[in-house]
Amino acid sequence: MEGGTLLVRLNRYLSMCGVASRRKADELILQGRVKVNGLVVKELGWRVDPHRDVVEVDGREVKPATYRYIILYKPCCYLTSLGGTKEGKRTIEELIKDISERVYPAGRLDYNAEGLLILTNDGELAHRIMHPRHKLPKTYLVWVSGIVKGETLDAMKRGAVLEDGPAKPDSVRLVKHMKDKSLIEIVFHEGRKHIVKRFVSSFGHKVIRLKRVAIGPVRLGKLKPGEWRDMTKEELKSLRQALGIKSFVRD
Ligand code: URA
């Protein structure tokens, strides 16, 4: 290891270049279609230095794709999808028109929910954000009808059984009571459809407003509805760490 560079397995490097998934990359390697510095490598465990080694597939040099990591504040009443207006509903595509890379949302928010969406063209990171196996906590502020009592909060902490199985939040806390509604914070690490709304309704409270304020260590912060920004290096580093992805370049 020199100059802070880590060696990466050849199949991972090929997937970082957008050539193929790691499994497919292994097939390419075994088929003798991959060269490193001019020599065919058929060893699956082979490691490359992304800054120095020249990797070719079928005689053409491949390089890691340029990744973009965007934090978007999806406002209420936008669909989390790309492509123009659908059935008269606006989509988040119109909010990210000035981003040249083809980024796509890593996870969804309902049409009438708002808050943090991460958009990226890094398939591995997006997959891990969405996959429950990686248990990435998502934090929601939820304005609910009525006054949520202490005993209801305790019951929420214990979890509920929904139509598609049990649901247990990582945490629930009361933020404040208002005249005829309450604001609570709920953290879930799973992303079943309408999970927060269904969970809260099962305790007899209706969700009035739902806002996602964090995905793992990445927070919405001061963004306003409809605004986006690139993730900072520190945010990306902590997100990758939370998802168990090793950085291939040290800083
Ligand atoms: N839970 C919901 O009910 N809706 C969302 O958009 C996200 C989580």
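**Polar contacts.** I looked up the polar contacts across the interface of domain 2 and domain 3 in this predicted model, and I noted 8 residue pairs, both partners at pLDDT 80 or more. I then asked which element gives the most to the side of domain 2 that touches domain 3. Strand β9, residues 114–120, does so with 5 residues. By residue class, I recorded that side of domain 2 as 9 nonpolar, 2 polar and 3 charged residues.

**Salt bridges.** I counted 2 salt bridges between domain 2 and domain 3. I examined the one that Glu114 forms with Arg209. The closest N and O atoms of Glu114 and Arg209 are 2.8 Å apart.

**Domain bounds.** I checked where the domains run along the chain. The assignment places domain 1 at 8–61 and domain 3 at 137–215, while domain 2 is given as 69–133 + 226–242. I took the C-alpha centres of domain 2 and domain 3 and found them 23 Å apart.

**Contacts and buried area.** I listed the residues in contact and obtained 14 from domain 2 and 12 from domain 3. For the area buried between domain 2 and domain 3, I noted about 1,100 Å². Carbon and sulfur atoms give 48% of this area. I next asked which three residues supply more than any other three of the area that domain 2 buries against domain 3. They are Asp110, Glu114 and Leu116, with 46%. I marked Glu114 in particular, as this residue belongs to that trio and also forms the salt bridge with Arg209.

How values were computed
Residues numbered from 1 in each chain as written. Predicted model: local features only at pLDDT ≥ 70, side-chain atom pairs only at ≥ 80, totals over all residues. Heavy atoms only, no water. Domains from an automatic or database assignment. Contact = heavy atoms within 4.5 Å. Buried area = accessible area lost by both parts, 1.4 Å probe. Salt bridge = Lys/Arg side-chain N within 4 Å of Asp/Glu carboxyl O. Polar contact = N/O pair within 3.5 Å; in protein donor to acceptor, adjacent residues only side chain to side chain. Helix = DSSP H or I, 4+ residues; strand = E, 2+ residues; numbered from the N terminus. Nonpolar A, V, L, I, M, F, W, Y, C, P; charged D, E, K, R; others polar.
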